[in-house]
Amino acid sequence: MTINQISIFLENKCGKLSKVLSILSDAHIGIIAATVADTSEYGILRLIVTNPEKAYALFKENNVTVSKTEVLAIATDRCAGSFASVLGCFTEAGISVEYMYCFSLDGKSILILRTNDPVQAYEVVKKHKLEYISTDKLNNI
Amino acid sequence: MTYWQAEVETMSRADLEKLQLEYLKKTIRIATNSPFYNKIFKEHHITSDSICSLDDLKKIPFTTKEDLRNNYPFGMAAIPIQQCVRLHSSSGTTGNPTVVLHSAKDLNEWANQVARCMYMVGLRDTDIFQNTSGYGMFTGGLGFQYGAEKLGALTVPAAAGNTKRQLKFITDFGTTCLHIIPSYATRLAEVMRESGIDPRRDTKLHTVCIGAEPHSEEQRLRIEELLGVKAYNCFGMSEMNGPGVAFECKEQNGMHIWEDYVIVEIIDPVTLEHVPEGEVGELVLTTINREAMPLLRYRTRDLTRIISGDCPCGRTHKRIDRFKGRSDDMIILKGVNLFPIQIETVLMKFKELGNNYLITIDQDEMQIEVELSDLFTDDYSVLQRLTKEITRQLKDELLLTPKLKLVGRGSLPVQEGKAVRVKDLRKF
C-alpha cells in the first residue's frame with residue numbers, strides 16, 4: 001500500500017541539487033513529484049520517482065546522503081472537499097500528518113502523506129476504502 | 001624608578017647564568033624528594049653535584065604533560081603535602097587532570113613574578129586593576145590577583161563574563177588597567193560602543209594585559225585603537241604557575257622571560273636537539289625557583305623563538321616571540337585549552353553521524369561541520385533534536401558552545417594520511 005519516497009540531505013550550496021538531479025537523469029529515472037523542506041543551513045529533498053530502488057542504490061553509490069521512507073499516496077477526485085474528507089478520515093482516527101505534498105496523475109490529485117502512525121494509517125485506508133497508488137503503478141509511469 | 005627589581009632584571013648575562021646554575025643545583029636537591037624525579041635521577045645518575053654547568057641540563061630527560069597526568073595527583077610533589085598551601089588543576093578533559101602544587105614561598109615568588117611584569121608595563125600602586133579572568137582553578141584569576149596586590153594596585157576581582165557589570169566597574173571605580181583575553185577585549189569594546197561609552201572620554205583605562213589565547217599583532221593594534229590603551233602580551237601556563245612567566249616590556253617587541261625563575265630552551269620537537277638561537281622550536285622550561293613541585297625540562301608544546309639582541313629597555317632576560325602554534329594539536333580558544341580528540345569522542349557517540357568532521361576556528365568562534373552517516377532520517381524535527389543534543393554534549397565537554405553544522409556525505413575534504421581536522425583562520 002505504501003510507496004517508497006527518496007529523501008536526500010542537501011546542503012545550501014550551489015550545485016548540490018543539480019548534482020542529485022543529474023544522477024537521476026543519467027539513469028533515465030523520472031521524477032513524479034518533488035518537494036524541498038529547507039532551513040537556513042540545509043534542505044531535505046523528497047522525491048517520488050519511477051524506480052525508487054534503483055534511485056536509492058545509485059545515490060548510495062554516488063555518496064549522496066539518502067534515505068528511503070514509506071509514505072502513503074492517496075488518489076482523490078479533483079473536486080472541492082475531496083482533500084478535506086481524506087484528511088478527516090485520518091484525524092478521526094487520531095493520526096497526525098508529519099508532512100504532505102501533492103501531484104497530479106491521470107486526472108486525479110495524488111496526496112503524498114507521511115503520518116506519525118503508519119500502521120493505523122493503513123487501517124484507515126482500508127476502512128474508508130481510500131484509493132491508493134501502489135509501487136507497481138508508479139513503476140509503470 | 002624603571003624596574004621592580006633593577007638588580008635582577010638588568011643583571012649581566014654572566015651573572016644571571018651563574019645565578020641560574022646555583023638555582024638549578026638547588027632545584028635538583030629539592031626535586032630528589034619527589035617520587036617522580038627521584039626515580040629519574042637514580043636511573044640517569046643525576047645529583048646536584050653532577051650538574052656543573054647549564055649545559056649539563058641536557059643530562060636530564062624531558063618532563064611532559066603525560067608525566068604530570070600519570071603522577072596525578074601528588075606524585076610530582078617534592079615537599080610534604082602538609083607544607084603545600086595551594087593546588088591548581090587543569091580541567092582534565094583529555095584524561096587525568098594535571099595538578100600543580102604550591103608552597104607559601106612559591107605563591108610569594110609567583111606574585112613577585114606577576115608584579116614584576118605589571119611594573120614593567122608601567123603599572124604602579126596607584127593603578128586600579130580589574131581582572132576579567134575566570135577565577136577558581138584557572139590560574140589567570142588568582143595569579144594576577146596576588147601579583148597586582150603585591151604591586152600595591154587596588155585590585156578588582158571582577159572575574160569573567162557579565163560585560164555590563166564589567167563596564168559599570170570600569171566607569172564607577174575608575175579602572176585604569178585590565179587583564180583580559182584578546183577576543184573578550186574586542187567584545188568589551190563593542191558593548192562600550194553600543195552603550196555609548198567612549199573609552200577615551202569616559203574611562204581611565206590606559207593599559208590592558210592580554211593573554212591566555214594566541215593573537216596577532218593586528219589584533220593587538222585593534223584592541224589598542226578600540227579601547228584607547230596600550231596592550232601588552234603576556235604568557236603563562238598553569239604548569240609554570242600561571243601568568244607571569246613572560247611578559248612584554250614597553251618596547252612591545254617580544255616577551256621577557258624571567259630567567260631567575262626558569263631556564264629557557266628551544267628544541268626541535270622531532271630531534272629534541274636545541275635549535276640555533278633565533279629559530280622557531282618548542283619552548284622547554286625548567287623551574288629553578290619553586291619548591292613544592294619543580295619541573296625540569298618541561299615540554300610546553302608551544303612553538304616560539306628567542307629574539308636575539310639586547311632590548312632597549314635594559315632588561316637582560318631573554319625575549320621570546322609571539323607563539324607560532326603548537327607542536328601538538330591543542331586549540332586555545334577563549335582561554336580554554338581543547339584537543340580535537342575531545343570533539344571526536346563526542347561526535348563518534350552518535351550513530352547518525354559519519355566519521356568525517358572539520359573544526360574551523362575563526363576569531364573567537366568554533367564551527368564544527370560533521371557528515372551524516374547512512375542512518376540519515378528525513379524527519380526534520382529529528383535532525384533538529386540531533387543538532388541540539390550534539391551541541392549540548394559538546395558544550396559539556398568543551399565548556400564552550402560550538403556552532404554545529406550537519407553536512408551531507410562527501411561534503412568535507414576526503415582525509416588521506418594524517419587527517420587535517422582543524423582549520424584555524426586566526427592570524428598569529
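**Note on the predicted two-chain model**

1. Start inside chain B. Setting aside neighbours within four places in sequence, B:Ile320 is in contact with B:Phe235, B:Ala246, B:Gly254, B:Met255, B:Ile257, B:Leu283, B:Thr304, B:Arg305, B:Ile306 and B:Ile307. The model is predicted, and local features need pLDDT of at least 70.

2. B:Ile320 belongs to the largest nonpolar core, which has 37 residues. Together with B:Tyr37, B:Phe235 and B:Leu285, B:Ile320 touches the most other members. Two helices of chain B, helix 2 (13-31) and helix 3 (35-44), each give two or more residues to this core. So do strand 9 (255-257), strand 10 (262-267) and strand 11 (281-287) of chain B. Another core, of 27 residues, lies apart from it. Its members include B:Ile331, B:Ile359, B:Val370 and B:Leu394.

3. Now the interface. 20 residues of chain A are in contact with 19 residues of chain B. The buried area is about 1600 Å², with 46% from carbon and sulfur atoms. Nine residue pairs, both at pLDDT 80 or more, make polar contact across the interface. On the side of chain A that touches chain B, at least two residues come from each of strand 1 (2-11), strand 3 (42-49), strand 4 (66-76) and strand 5 (97-105) of chain A. Strand 1 of chain A supplies the largest share, five residues. That side of chain A divides into seven nonpolar, seven polar and six charged residues.

4. Two salt bridges link chain A and chain B. In one of them, the side chains of A:Glu41 and B:Lys403 meet at 3.3 Å, N to O.

5. Over all chains there are 34 salt bridges. A:Glu98 pairs with A:Arg114, with the closest N and O atoms 3.8 Å apart. A:Glu98 sits in strand 5 of chain A and A:Arg114 in strand 6 (residues 108-115) of chain A, so the bridge ties together parts 16 residues apart in sequence. A:Glu98 is partly exposed at 40% relative accessibility. A:Arg114 is also partly exposed, at 22%.

6. A salt bridge within one helix: A:Lys126 and A:Glu123 meet at 4.0 Å, N to O. Both lie in helix 4 (residues 118-127) of chain A, three residues apart, about one turn of the helix. A:Lys126 is partly exposed, at 45% relative accessible area. A:Glu123 is partly exposed at 39%.

7. Chain B again. B:Asp56 forms a salt bridge with B:Lys59, the closest N and O atoms being 3.8 Å apart. B:Asp56 is buried, at 15% relative accessible area, whereas B:Lys59 is partly exposed at 43%. Elsewhere, shared partners join B:Glu217, B:Arg220, B:Glu248 and B:Arg322 into one salt-bridge network.

How values were computed: Residues numbered from 1 in each chain as written. Chains lettered and ligands numbered in written order. Heavy atoms only, no water. Contact = heavy atoms within 4.5 Å. Buried area = accessible area lost by both parts, 1.4 Å probe. Polar contact = N/O pair within 3.5 Å; in protein donor to acceptor, adjacent residues only side chain to side chain. Helix = DSSP H or I, 4+ residues; strand = E, 2+ residues; numbered from the N terminus. Nonpolar A, V, L, I, M, F, W, Y, C, P; charged D, E, K, R; others polar. Core = buried A, V, L, I, M, F, W, Y, C linked by side-chain atoms within 4.5 Å. Buried < 20%, exposed > 50% of the residue type's maximum accessible area, 1.4 Å probe, protein only.
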